[in-house]
Amino acid sequence: SRPRGGGGGPVLLPSMLMFGVILASSGLLLMIEKGILAEVKPPPLHPAAGEPSRRGGAEEAAGDLEYEVLRDIRNRTIAAVCGQRAMPRSVWELPAGQRRTVLRHLLVSDKYRFLYCYVPKVACSNWKRILKVLDGALESVDVKMKMDHKSDLVFLGDMKPDEISYRLKHYYKFLFVRNPMERLLSAYRNKFGEIKEYQQRYGVEIVRRYRKNGANSAGDDVTFSEFLRYLLDEEVERMNEHWMPIYNLCQPCAVRYDFIGSYERLHADANYVLERVRSPSFIRFPERQPWYKPVTPETLHYYLCNTQRRLIKELLPKYILDFSLFAYPLPNISSEFCRQ
């Protein structure tokens with residue numbers, strides 16, 4: 001809680017309210033203290049809303065038990081959290097900064113009447129490529145070119161209030177989510193291992209702040225632990241979009257999404273969306289580029305188990321809504337698991 005000017009009593013911030021609701025209802029705090037879900041083996045992830053893809057045959061059957069369980073968990077959790085009285089019911093109830101963030105992450109297709117909330121490090125470049133093809137600005141999803149993340153795209157935040165409200169009410173709305181720790185590791189490896197702009201803008205400062213005698217670093221040697229310490233000290237609302245929590249980017253309480261797909265089922269869920277918005281049959285979700293280095297379970301295991309447990313446990317509350325609302329297990333960093 002944070003005191004409000006003028007001598008008023010403490011005000012419970014919405015993010016802290018949601019955190020309290022989830023902790024009380026699902027026992028996540030106990031999980032954190034007990035070694036972080038050492039025994040839980042989660043099922044593969046599936047959409048939280050809408051219906052399963054009909055392009056996958058038996059593999060995507062609606063009766064699949066794991067699909068039904070996960071979808072039910074997601075739906076119940078989102079309904080419980082977003083049903084709280086203090087939670088926003090629309091983007092107009094959000095504080096100005098939060099409203100700007102979500103509106104500038106909602107991409108618009110007026111031709112196919114949908115809104116897509118893009119989340120960096122969750123295949124958003126390929127979705128932007130698809131939007132450009134649907135709009136006629138790009139010939140094919142397979143065109144080999146550097147992705148321009150601004151041109152030839154329509155952002156909901158650039159529209160007038162009445163235009164925004166109409167689209168939020170009448171258009172099909174979807175987003176894609178990813179395991180929070182996997183997404184952070186992907187951002188870390190990409191931005192500090194490959195992108196000079198991020199090394200200079202963020203890396204130099206991170207090393208200077210968290211390493212003795214780090215003043216001469218070029219920012220290309222940031223360790224994963226230093227990156228996590230930086231995230232601990234950052235205000236969520238001020239974070240770069242590549243590591244800002246998905247909840248804050250897309251506001252699933254203020255925007256009632258029709259479909260929540262997952263990175264783990266990327267092609268199946270993407271095909272469902274393309275079918276649902278009635279895109280031309282020749283448009284398909286792009287295949288992964290050969291140069292792309294995915295975050296494997298083994299890679300994630302290595303980084304997490306070579307990071308101080310205390311650091312990870314302290315960081316989890318900042319991303320607890322992403323873990324909870326989208327039904328991702330907390331990371332297993334028990335001593336037994338890390339010895340494997």
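Buried, as used here, means a relative accessible area under 20%. In this predicted model, strand β6 (residues 259–262) meets that criterion along its whole length, with Phe 259 and Gly 261 pointing one way, Ile 260 and Ser 262 pointing the other way, and all of them buried. In a regular strand the side chains alternate between the two faces of the sheet.

## Overall architecture

The chain holds 340 residues, of which 49% count as buried, and its secondary structure comes to 14 helices and 6 strands. Among contacts with a separation of 6 or more, 70% are made by residues 24 or more positions apart. The chain exposes about 17,400 Å², and carbon and sulfur atoms supply 50% of that area.

## Strand pairs

Strand β6 pairs with strand β5 (residues 172–177) in the parallel sense, over 4 bridges, and in this pairing Leu 175 stands opposite Ile 260 of β6. Ile 260 is one of the buried residues of β6, on the side that also carries Ser 262.

A second pair is formed by strands β3 and β4 (residues 114–117), which run in the antiparallel sense and are likewise joined over 4 bridges. Strand β3 (residues 106–109) is covered on both faces, with Leu 106 and Val 108 buried on one side and Leu 107 and Ser 109 buried on the other. Ser 109 stands opposite Phe 114 in β4, and the hairpin that connects the two strands has 4 residues between them, with Arg 113 taking a positive phi near 55°.

## The nonpolar core and helix α9

Which residues touch the most other members of the largest nonpolar core? In this core of 96 residues, they are Leu 106, Trp 127, Phe 227, Leu 231 and Trp 243, while the largest share of the core, 9 residues, comes from α13. Leu 106 belongs to strand β3, where it is buried on the side that also carries Val 108.

Phe 227 and Leu 231 both lie in helix α9 (residues 224–233), where they are buried together with Phe 224, Glu 226, Leu 228 and Tyr 230. The buried residues of α9 pack against four helices, namely α7 (180–193), α8 (196–210), α12 (297–305) and α13 (309–325). For Leu 231 the individual partners can be listed: leaving aside residues up to four places away in sequence, Leu 231 touches Leu 184, Met 239, Trp 243, Leu 315, Lys 318 and Tyr 319. Trp 243, one of these partners, is itself among the core residues that touch the most other members.

## Surface features

Not every nonpolar side chain is covered, since Leu 65 has a relative accessibility of 62% and therefore counts as exposed, the cut-off being over 50%. Leu 65 is found in helix α3 (residues 65–82), and together with Val 69 and Ile 73 it forms a nonpolar patch on the surface, with about 270 Å² of accessible area for the three residues together. An α-helix has 3.6 residues a turn, so residues three or four places apart point the same way.

A search of the whole structure finds 11 salt bridges, three of which are set out below with their N to O distances.

| Salt bridge | N to O distance |
|---|---|
| Glu 205 – Arg 208 | 2.7 Å |
| Arg 238 – Glu 235 | 3.6 Å |
| Glu 314 – Arg 310 | 3.1 Å |

Glu 205 and Arg 208 both lie in helix α8, 3 residues apart, which is about one turn of the helix. Glu 205 is partly exposed at a relative accessible area of 27%, and Arg 208 is also partly exposed, at 48%. These two residues are further linked with Arg 209 in a network of salt bridges.

Where do Glu 314 and Arg 310 lie in relation to one another? They are 4 residues apart in helix α13, so about one helical turn separates them. Glu 314, at 39% relative accessibility, counts as partly exposed, as does Arg 310 at 45%.

Are Arg 238 and Glu 235 buried or exposed? Arg 238 counts as exposed because its relative accessibility is 65%, and Glu 235 counts as exposed at 51%, where the cut-off for exposed is over 50%.

Note on methods. Residues are numbered from 1 along each chain as its sequence is written. This is a predicted model: local features need pLDDT of at least 70, side-chain atom pairs count only at pLDDT 80 or more; totals for chains, interfaces and linings use all residues. Side-chain values use heavy atoms; hydrogens and water are left out. Buried means under 20% relative accessible area, exposed over 50%, partly exposed in between (1.4 Å probe, protein chains only). Contact means heavy atoms within 4.5 Å. Accessible areas come from the Shrake-Rupley method with a 1.4 Å probe; for residues, only the protein chains shown count as cover. Two strands pair if DSSP finds at least two bridges between them. A nonpolar core is a set of buried Ala, Val, Leu, Ile, Met, Phe, Trp, Tyr and Cys residues joined through side-chain atoms within 4.5 Å. Patches are made of residues with over 30% relative accessible area and no salt bridge: like charges are joined within 9 Å, nonpolar side chains (Val, Leu, Ile, Met, Phe, Trp, Tyr) within 5 Å. A salt bridge is a side-chain nitrogen of Lys or Arg within 4 Å of a carboxyl oxygen of Asp or Glu.
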